[in-house]
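The exercises below concern the structure shown next. Each task is followed by a worked solution that proceeds in steps.

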Amino acid sequence: MSIFDKLFNKAANAATDAVKNAARDLDNKKAEFTFAKLPESLSELKALPEAKLDDPYKTAALTVVALCVYAADKNIGIEMLNFLKGPRPLSNMEIQFIDDRLRDGKTYVPFSYFKGATPENDYTPDEPYSITVESNAYSDANKGYKKLIIKSGGADTPREVQLRMKGDGQWLLWEQFLLPDIRKPKSADPWA
């Protein structure tokens, strides 16, 4: 084995990695959504252009909106989430889970997904409200489902939303993993 073999192997591996990264980047898509204001009723949500649910990215963005509404008014939030879930409404267990995650003043968690919301500003998003939804190499792992990711201003890793396509082409909320703990807002952090 020549002393140069390691160099040539590194070059070949670098080229292979570059091709893999380029292919992965083709799979990754970003969609940004902007809302002048957050809807305060189901009819206001349904009036949004994203409410056609004809695109999984739209449904994922509206899921964050609905969770923000849930934090302010549980009943309206449930109506919105049930609309996004279509024929499979929230179960009692899902409602209890959301309640648990927003308990103890953690109503800021869903707002952390909007642009500008960070622990330093107590998760106060920029207005208009803007959110970016992304796909990755694993988004289409299961036929008829799409797993999308959304970054939180209070977490190091993005969170997932799973959508399911209905027979009529609508993308509906299947599962959301948006409510794990994140960094405390500055006003609630005794170490800040």
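**Exercise 1. Strand pairing**

In what sense, and over how many bridges, do S3 and S4 pair?

Solution. The model under study is predicted.

Step 1. The pairing of S3 with S4 is antiparallel and extends over 6 bridges. Within it, leucine 148 stands opposite valine 161 of S4.

Step 2. On the other flank of the chain of pairings, strand S3 (residues 145-150) is joined to S2 in the antiparallel sense, here over 2 bridges. Valine 133 has isoleucine 150 of S3 as its bridge partner.

Step 3. Strand S4 (residues 159-165) also pairs with S5, again in the antiparallel sense, over 5 bridges. Glutamine 162 has its bridge partner in S5, namely glutamate 175.

**Exercise 2. The sheet as a whole**

Determine the strand order of the sheet, its edge strands and its average twist.

Solution.

Step 1. The sheet is open, has 5 strands in the order S1-S2-S3-S4-S5, and is paired in antiparallel fashion.

Step 2. Strand S1 (30-35) and S5 are the edge strands, each of them pairing on one side only.

Step 3. From one strand to the next, the twist averages 35°.

**Exercise 3. Packing of two helices**

Describe the geometry of H3 against H5 and identify the residues that meet.

Solution.

Step 1. The axis of helix H3 (residues 56-72) and that of H5 come within 11 Å of each other and cross at roughly 70°. Because angles of 65 to 115 degrees count as roughly perpendicular, H3 is roughly perpendicular to H5.

Step 2. From H3, the residues Leu67, Tyr70 and Ala71 take part; they meet Ile95, Ile98, Asp99 and Leu102 of H5.

Step 3. By class, the residues of this contact comprise 6 nonpolar, no polar and 1 charged.

**Exercise 4. Two pockets**

Characterise the largest and the second largest pocket by volume, lining and residue class.

Solution.

Step 1. The largest pocket holds about 280 Å³ of space. It is lined by 16 residues, of which Glu94, Phe97, Glu175, Gln176 and Phe177 are the closest to its centre.

Step 2. Two or more lining residues are given by each of helix H4 (74-85), helix H5 (92-102) and strand S5 (171-176). Glutamate 175, already met as the bridge partner of glutamine 162, is thus encountered again among the residues closest to the centre of this pocket.

Step 3. The lining of the largest pocket has 11 nonpolar, 1 polar and 4 charged residues.

Step 4. For the second largest pocket, the space is about 170 Å³. Its lining consists of 15 residues, and the closest to the centre are Tyr113, Phe114, Lys115, Thr132 and Lys151.

Step 5. Strand S2 (residues 129-134) supplies the largest share of this second lining, with 4 residues. The division by class is 5 nonpolar, 6 polar and 4 charged.

**Exercise 5. Backbone features in loops**

Locate the cis peptide bond and the positive phi value of leucine 53.

Solution.

Step 1. The peptide bond that leads from glutamate 127 to proline 128 is cis, with omega near 0°. Proline 128 belongs to the loop between H5 and S2.

Step 2. Leucine 53, a residue other than glycine, has a positive phi near 60°. This leucine 53 lies in the loop that runs between helix H2 (42-46) and H3.

Notes:
Residues numbered from 1 in each chain as written. Predicted model: local features only at pLDDT ≥ 70, side-chain atom pairs only at ≥ 80, totals over all residues. Heavy atoms only, no water. 1 Å grid on protein atoms, 1.4 Å probe; cavity = no way out; pocket = protein on both sides within 12 Å on 5 of 7 lines; lining within 4 Å. Points joined across faces, edges and corners; volume = space filled by probe spheres on them. Nonpolar A, V, L, I, M, F, W, Y, C, P; charged D, E, K, R; others polar. Pairing = 2+ DSSP bridges. Axes fitted to C-alpha atoms, helices over the stretch in contact; angles between N-to-C directions. Parallel < 35°, antiparallel > 145°, perpendicular 65-115°, else oblique. Contact = heavy atoms within 4.5 Å.
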